[in-house]
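Colleague: Please walk me through the packing in this model. Keep it brisk.

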Amino acid sequence: MTGTAATKVDFYVLGAADARARLVTACRLAEKAFDQGLRVAVRTASPAQTAELDELMWTFSDRSFVPHGVWPAEPGFAAATPVLIASGALPESHCDVLINLHDDLPGDEDAKRRARIRWRGYRDAGLEPDTHNL
């Protein structure tokens, strides 16, 4: 993994450790990025999580709409859709923002251990991750 000067990595530490809080936070981050005109890829841990996030994107807020879809899809779909969700590979067109939910949460301490490993990996690649305590 190599980074460029423009690459930025942020970690979000949630006060609640439940899976739904992670998904709602992912929705809010995708909404914020969309509002800034960015193309977003959301990488999930499983097809089931993809379906759950897809449904939640429609309902998490009654005051906004985030145009999104599940990848892979029909040809031309990615070009017209600013937020794509998938448990597998995502198209290169959506590289402005990656929301990575790929790790499961089998236990809080295990999730923290894996996050620390990823953090060190980003730092070792020459990136400087920022942490946001929510």
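The questions below cover the core, one polar residue and the aromatic rings.

Modeller: This is a predicted model, where local features need pLDDT of at least 70, side-chain atom pairs count only at pLDDT 80 or more, and totals for chains, interfaces and linings use all residues. Residues are numbered from 1 along each chain as its sequence is written, and side-chain values use heavy atoms, without hydrogens and water.

Colleague: Which element gives the largest share of the largest nonpolar core?

Modeller: A nonpolar core joins buried Ala, Val, Leu, Ile, Met, Phe, Trp, Tyr and Cys residues through side-chain atoms within 4.5 Å. Buried means under 20% relative accessible area, exposed over 50%, partly exposed in between (1.4 Å probe, protein chains only). This core has 17 residues, and L53 is among those touching the most other members. Six residues, the largest share, come from α1.

Colleague: Is Q49 buried or exposed?

Modeller: Its side chain reaches the backbone nitrogen of A45 at 2.6 Å. Q49 also touches L23, T44 and L101 (heavy atoms within 4.5 Å), leaving aside residues up to four places away in sequence. Its relative accessible area is 14%, so Q49 is buried.

Colleague: Why is the pair of W58 and F65 classed as it is?

Modeller: Rings of Phe, Tyr and Trp (its six-membered ring) pair if their centres lie within 6.5 Å; planes under 30 degrees apart are stacked, over 60 edge-to-face, the rest tilted. Here the centres are 5.5 Å apart. The planes meet at 40 degrees, so the pair is tilted.

Terms used:
Helix = DSSP H or I, 4+ residues; strand = E, 2+ residues; numbered from the N terminus. Polar contact = N/O pair within 3.5 Å; in protein donor to acceptor, adjacent residues only side chain to side chain.
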